[in-house]
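Here is a short report for a reader who is new to this structure. Please look over the sequence and the model before reading on.

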2 protein chains.
Amino acid sequence: MSIDLKTECRRFVPGHPPQKPGEEFALIADYCRENNFGADYYGAGDLINSFEQKVVGLLGFEAACFMPSGTMAQQIALKVYEGKSNNQNFAIHPTSHLELHEQHAYAHLCNLKSVIVGDKNRPLKALDIENSKTVFSTVITELPARELGGQLPTWKELKAFKKTAKKRGVSLHMDGARLWETGAFYRKSYRKICEGFDSVYVSFYKGVGALTGAMLLGGANFIEESRIWLRRFGGNLFQLHPFVASAARRFDFAIEQMPKYSERTKEVYAVLKNIEGISFCPNPPQVNMFHLYFDAPAEKLTEARNKIAEQNKIWMANSFQTTALENLGSTEIYVGEGLLQIDDDELEKTFLKLVRLAKL
Amino acid sequence: MSIDLKTECRRFVPGHPPQKPGEEFALIADYCRENNFGADYYGAGDLINSFEQKVVGLLGFEAACFMPSGTMAQQIALKVYEGKSNNQNFAIHPTSHLELHEQHAYAHLCNLKSVIVGDKNRPLKALDIENSKTVFSTVITELPARELGGQLPTWKELKAFKKTAKKRGVSLHMDGARLWETGAFYRKSYRKICEGFDSVYVSFYKGVGALTGAMLLGGANFIEESRIWLRRFGGNLFQLHPFVASAARRFDFAIEQMPKYSERTKEVYAVLKNIEGISFCPNPPQVNMFHLYFDAPAEKLTEARNKIAEQNKIWMANSFQTTALENLGSTEIYVGEGLLQIDDDELEKTFLKLVRLAKL
């Protein structure tokens, strides 16, 4: 039912407006025709290879490999580093995707062991790895940290972090699923942000809005070995080109939009911060994604969202999460094309309505 | 260069004729529009779930899960069976895909051990597992065996094989990448062929001709646990629907065509068997795929193929393999839409030319 409700909406607060059935396929059909991009063959082909080279150039690594998913890409990075160091341990933040959302694949599948470092309510700091008594092969840091509402370390903290990893002799990998969103905060090039990392994984279906897909970037040898692991994971698909075409077609536009999303985030913050019953994490937002907390239960918020979808054709949130407090629900907002299309008056009015309905 | 040569051809001996850039995307765009199939969300959605149920009905298992690749699907089956039996060993034929084409993922990634059973030049028999002194959790048999030119055990042998696996208490898994091709040989329903197997993996990009994609089928609990492993492998993609739409759109037509391909195989055999310098494996073919051996080196055959592509616009083979004998090259023929479009006269004439050119 809620999916039908969403489909019938005309405005969308989180992310990019959804597409109609088949719409993306028609767009990538034209894209491939116009550019004469035929199917790739097990990861080889003009479309996939040129897109890999494009991202390589932007982020400043030696090589890249397009992969079906980040879950796969990051485990592959860990396996390569494990082989290099002969050490099964890797360090991650307690809210890392690997710890929370991958069914502990690193243990069950990869025979690796996580060393949890840092505080679950703030991004990783140099001290977190400096203080660890356990020796590990790799440390993964997520920029920005999704579960923390898109928080980032300061530039100074990030530099210190890179330095400490290097000093300790561990491989430094970035979970850059949302790396595209960091540029506007740091006011640095992606290349500068990635500098000092041994590898990074980036995603194409979040901010970029593509169908699916990820990329792993690093040194030439690292990527060469990653391709062997990609076969082992069953990720070297017969054809990846639907995902690649969707990502490549959208990429330039998506990167160009990031500063606009960042500006719009500041405006959205200015509108919502004074509404009673709404709190921001972080406060203020650092990038164009953040978490909103409401003085209302998640269930009531869901009902209110559905009512607003019906009455106003505005989709307020994809889901509301429960928290430790019965009367505190939360949601994640990604400031994208959806919020560029809603003006401040309508935004304020609708959030006031959401809060009012959810408290009834 | 050879890819350009293929693109410019008008007739294709192996498989189905290739598509133009973007063509499949335009077709699945229409398919999704017409059926109102929106994107799936991590494997949940009308399109993916209804297609899973369709194949479940055809093959007679309790449940199914669409997956990105067979490499993933089969390792997942093995991990589930390992967990059930607490035994890392599984039995496979020496020419199994897991042994030859997956970078020994079962060992490097899954911490499993293969027990090689049977003779590399004939399909697995009941005796092969009966005679094994090693205890294993699972046995995998491939129907038809690709590396053996699509050979199948007789129906009697297959029944004995199923019985022996059951008696020994091991899980019986079918590598059914080309299961669709077996029906015309056994003259049995797919359901009957699958009967007695605990699980099967099927592919959609080989005979079916879809973009990419696989499915794992088995008991309800088995599939439920497989979905957890799918997350671990990073195969539970944000969206799978390009692959699912491509497979679902083609499926009925592809299954209907299989008897035609089988009939055409008999005709092709009748035409080619008398040409001097060509040998069949198996002889005669059992299904609509087989291997051809030529009394000429692979390199010479490739040159001859290219010349025929240039001069006659007919694509004879995707690749030629070397063999133990310097003067013996081979190729795999899949009798599909390509060979339905070439008449016997042209077929004979062109193969005579290939042999003649390759021997020069």
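## A buried strand in chain B

Strand β5 (residues 138–142) of chain B has 5 of its 5 residues buried, so the rest of the structure largely encloses it. Buried means under 20% relative accessible area, exposed means over 50%, and partly exposed lies in between (1.4 Å probe, protein chains only). Strands are DSSP runs of E with at least two residues, helices are runs of H or I with at least four, and both are numbered from the N terminus.

This is a predicted model, in which local features need pLDDT of at least 70 and side-chain atom pairs count only at pLDDT 80 or more, while totals for chains, interfaces and linings use all residues. Residues are numbered from 1 along each chain as its sequence is written, chains are lettered from A and ligands numbered from 1 in the order in which they are written, and side-chain values use heavy atoms, with hydrogens and water left out.

Which residues of β5(B) point one way, and which the other? Thr138(B), Ile140(B) and Glu142(B) point one way. Val139(B) and Thr141(B) point the other way. All are buried.

β5(B) has parallel partners. Two strands pair if DSSP finds at least two bridges between them. Strand β3 (residues 89–92) of chain B pairs with β5(B) over 2 bridges, in the parallel sense. Here Phe90(B) has Thr138(B) as its bridge partner. Strand β6 (residues 171–176) of chain B also runs parallel to β5(B), and 5 bridges join the pair. Within that pair, Ile140(B) stands opposite His173(B).

## A buried glutamate

Glu52(B) sits in helix α3 (residues 46–59) of chain B. Its relative accessible area is 3%, so Glu52(B) counts as buried. What does Glu52(B) contact, leaving aside neighbours within four places in sequence? The contacts are Ala64(B), Cys65(B), Phe66(B), Met215(B) and Arg227(B). Contact means heavy atoms within 4.5 Å.

## A three-stranded sheet in chain A

Chain A has an open sheet of 3 strands in the order β9-β10-β12, with antiparallel pairing. Why is one side of β9 (278–281) and of β12 (329–334) of chain A left without a neighbour in the sheet? Both stand at the edges, and each has a single partner strand. From one strand to the next, the twist averages 30°. Axes are lines fitted to C-alpha atoms, for helices over the stretch in contact, and angles run from 0 to 180 degrees between N-to-C directions.

β9(A) is joined to the antiparallel strand β10 (residues 289–294) of chain A by 4 bridges. Ile278(A) has Phe294(A) in β10(A) as its bridge partner. Helix α15 (residues 344–359) of chain A lies across β9, β10 and β12 of chain A. This helix runs at about 40° to β10(A).

## Backbone details

Some backbone angles deserve a look. The table lists them with their places.

| Site | Backbone value | Place |
|---|---|---|
| Cys281(B) to Pro282(B) | cis, omega about -5° | Pro282(B): loop between β9 (278–281) and β10 (289–294) of chain B |
| Asn283(B) to Pro284(B) | cis, omega near 0° | Pro284(B): loop between β9 and β10 of chain B |
| Lys313(A) | positive phi, about 60° | loop between α13 (298–312) and β11 (314–315) of chain A |
| Asn111(B) | positive phi, near 55° | loop between α6 (105–108) and β4 (113–116) of chain B |

Lys313(A) is not a glycine. At 22% relative accessibility, Lys313(A) counts as partly exposed. Asn111(B) is also a residue other than glycine. Its relative accessibility is 44%, and Asn111(B) counts as partly exposed.

## The whole chain and its copy

Chain A has 15 helices and 12 strands. Its radius of gyration is 21 Å, close to the 21 Å that the globule rule gives for 360 residues, so chain A is as compact as a globular protein of that length. The radius is taken over C-alpha atoms, and the rule is 2.2 Å times the number of residues to the power 0.38. The C-alpha trace of chain A spans about 60 × 55 × 40 Å along its principal axes. Of its 360 residues, 59% count as buried.

Chain B can be laid on chain A by a turn of 180° and a shift of 0.0 Å along the axis, with an RMSD of 0.0 Å. The two copies are thus related as by a two-fold rotation axis. Both copies use the same surface: 98% of the contact residues of chain B recur in chain A. The superposition is by least squares on the C-alpha atoms of residues with pLDDT of at least 70 in both copies.
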